[in-house]
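Ready for a few warm-up exercises on strands and sheets? Have a look at the model first, then work through the tasks below.

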Amino acid sequence: QVHIVESGGGLVHPGGSLRLSCTVSGTIFSVYGMAWYRQTPGNQRELVASITNGGTTKYPDSVLGRFTISRDDAKNTVYLQMMSLESEDTAVYYCNRYYGSPDNPFDNWGQGTQVTVSS
C-alpha cells in the first residue's frame with residue numbers, strides 16, 4: 001500500500017522561506033513523476049510544482065521563481081523549497097505521484113502539511 005507523508009510546514013512571516021519534504025513508501029518511487037499541490041478551504045487542489053522521473057520541472061506563474069521542486073530517488077523523497085512567501089501561499093500542501101500528467105495524480109493522498117504565511 002502506498003503511503004505518503006508530508007512535513008516541514010509551519011508559520012512563517014511574509015518574505016520568509018520554508019522547505020517541505022514528502023516521503024513515499026510502498027511503491028517504486030523513481031518511475032513516477034511527483035508534484036506538489038495546495039488547497040485552501042472551499043477550493044480545489046492547485047498544482048504548484050511538478051518534476052518528472054527524469055528531473056524536468058514545471059511551475060505555474062504564481063510560484064515561478066519562488067518555489068523549487070527537487071527529488072532524491074535514493075530517499076524516496078521530493079522537496080519543495082519555497083522562498084519569498086506571500087499570504088496567498090497559505091494553504092495545506094500535499095504531494096502525490098503521477099504517471100503521465102501532474103493534472104491526473106493518483107487517488108491516494110497524504111495528510112498534507114499546513115503552511116501559514118502571516119505577520
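Two strands count as paired if DSSP finds at least two bridges between them. Keep in mind that this is a predicted model.

**Exercise 1.** Work out which residue stands opposite glutamine 39, and how the two strands involved run.

*Solution.* Start with strand 4, which covers residues 33-39. Seven bridges link strand 4 to strand 9, and the two run antiparallel. Now look across from glutamine 39: valine 92 in strand 9 is opposite.

**Exercise 2.** Keep going from valine 92 and find what stands opposite in strand 10.

*Solution.* Strand 9 also pairs with strand 10, in the antiparallel sense, over three bridges. In strand 10, glutamine 114 stands opposite valine 92. As for how covered strand 9 (residues 91-98) is, eight of its eight residues are buried.

**Exercise 3.** Put the six strands of the open sheet in order and name the edge strands.

*Solution.* The order is 2-10-9-4-5-6, and the pairing is mixed. The edges are strand 2 (10-12) and strand 6 (57-58), each pairing on one side only. For a parallel pair, check strand 2 and strand 10 (residues 113-117), joined by three bridges. There, leucine 11 has threonine 116 of strand 10 as its bridge partner.

**Exercise 4.** Now take the open sheet of four strands: what is its order, and why is one side of strand 1 and of strand 7 left without a neighbour in the sheet?

*Solution.* First, the order: 1-3-8-7, with antiparallel pairing. Strand 1 (3-7) and strand 7 (67-72) are at the edges and have a single partner strand each, so one side of each has no neighbour in the sheet. On average, neighbouring strands here are turned by 15° against each other, direction ignored. Next, zoom in on strand 1 and strand 3 (residues 18-25), which run antiparallel with five bridges between them. Histidine 3 stands opposite serine 25 in strand 3.

**Exercise 5.** Compare asparagine 76 and serine 84: what is the phi of each, and where does each lie?

*Solution.* Some background helps: most residues other than glycine have a negative phi. Asparagine 76 has a positive phi, near 50°, and sits in the loop between strand 7 and strand 8 (77-82). Serine 84 also has a positive phi near 50°, but its loop is the one between strand 8 and strand 9. For accessibility, partly exposed lies between the cut-offs of under 20% for buried and over 50% for exposed. Asparagine 76, at 24% relative accessible area, is therefore partly exposed. Serine 84, at 41%, counts as partly exposed too.

Definitions and conventions. Residues numbered from 1 in each chain as written. Predicted model: local features only at pLDDT ≥ 70, side-chain atom pairs only at ≥ 80, totals over all residues. Heavy atoms only, no water. Buried < 20%, exposed > 50% of the residue type's maximum accessible area, 1.4 Å probe, protein only. Axes fitted to C-alpha atoms, helices over the stretch in contact; angles between N-to-C directions.
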